[in-house]
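Thank you all for coming; today I would like to walk slowly through one model and look at how its interior is put together. Please have the picture open while I talk.

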Amino acid sequence: MDTTTLAALSGNIATVGYGLAAIGPGIGVGIVVGKAIEGISRQPELQGRLQTQMFIGIAFTEALALIGIATGFIFR
Amino acid sequence: MERALLHHALTQISMAAEDGGFHAPTIDEFFPPIVLFEGTPFALNRIMLIRLAVMVVLVLFVVLGTRALRLVPTRMSSIVEFPFDFVRKNIAYEVLGEHDGKRFLPLITTIFFLVIGMNVTSIIPGLNIAGTSVIGLPLLLAVIAWVVFIYAGLKKNGAGFLKASLFPPGVPKPLYLLLTPIEFLSTFILRPVTLTLRLTMNMLVGHLLLVLFFSATWFFFFQQGPNGFSLFGLGTLAFGAAFTLFELFVAALQAYIFALLTAVYIQLSLAEEH
């Protein structure tokens, strides 16, 4: 046995990569939706427009998480 | 229903169960063997057959459901008309207004119905996989949405559309060096890519999780012999049932989001410059 190796991990680091990539967008989407809910509660009559803006915001921040999934397949 | 899903999981694991271990689902789930027309470009596997079946069902739903239209709907036709009204009022008119909403309503309705029809097969026992879980169909819908929103912007403002989206007003000139590539990437590349990937990944991951739960239940109950660990099988079965309901919600939600984002991108293209 190799005396310099104390511990070893094996597997595909792409799964860890996606997990790390999803932290930021997860927090980001949470902030966007939270702020949208806050805005709707302050002015309920703007609910339609705020909801549309919320979905646009989610689409932008979620993009990074989706790219994170795809890179696992791209960089094999 | 769980019986059929367990049976499906069985076909996965019984083939590879010689060593008695647990075999989690892999990406090969989404490339089932070719059933018909092998060797031609029209080779059909299980997923393509599901897509064709859903297409026939949707056409029948629309044609038969709207055969005897009356001013005051009956109960049956109310059920058929509800999704149409939902898309028209809550997605098209809400985002695009009445005039442009009417213009793009056929596209948005088609996208909504196709996506929800294909998504829902992921929980139907016997079919068990979403027609949108492989990238072809979401890619097609995203490319159509991409072409339409670029067309809408070019038709309304001509070259001014490109200028307004790549060089947003109110920014000091040197910043355009940094901003324009980002805007180009974000508007013309990322929009169709994220539309595709969002739908595909949601359905793919949902299917993998469902197969995992049900094959784990099978493993705990039957494959590793009834013993103390079989109690975990009850847990995975409960999770499988709960996740099936969640998957139904996600199927409808992803259809709504795809149609809504298409409408939003069209609206952003058609927006007046300040």
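Setting aside its neighbours within four places in sequence, B:Ala259 is in contact with B:Val87, B:Ile91, B:Ile108, B:Ile111 and B:Phe112, where contact means that the C-beta atoms, placed from the backbone, lie within 7 Å. I should say at once that this is a predicted model, in which local features need pLDDT of at least 70 and side-chain atom pairs count only at pLDDT 80 or more, while totals for chains, interfaces and linings use all residues. Residues are numbered from 1 along each chain as its sequence is written, and chains are lettered from A and ligands numbered from 1 in the order in which they are written.

Let me turn to helix H4 of chain B, helices being DSSP runs of H or I with at least four residues, numbered from the N terminus. H4(B) has 22 residues and reaches 32 Å from its first C-alpha to its last, close to the 32 Å expected at 1.5 Å a residue, that expected span being 1.5 Å times one less than the number of residues.

Which residues of H4(B) are buried? Among them are B:Leu137, B:Leu141, B:Ala145 and B:Phe149, and buried means 20 or more other C-beta atoms within 10 Å of a residue's own, against 12 or fewer for exposed and partly exposed in between. The cover over these buried residues includes H2, H3, H5, H6 and H7 of chain B. Just after H4(B), B:Gly158 takes a positive phi of about 65°.

For contrast, A:Thr15, in helix H1 of chain A, counts as exposed because it has 9 C-beta neighbours inside 10 Å.

How values were computed: Helix = DSSP H or I, 4+ residues; strand = E, 2+ residues; numbered from the N terminus. Contact = placed C-beta atoms within 7 Å.
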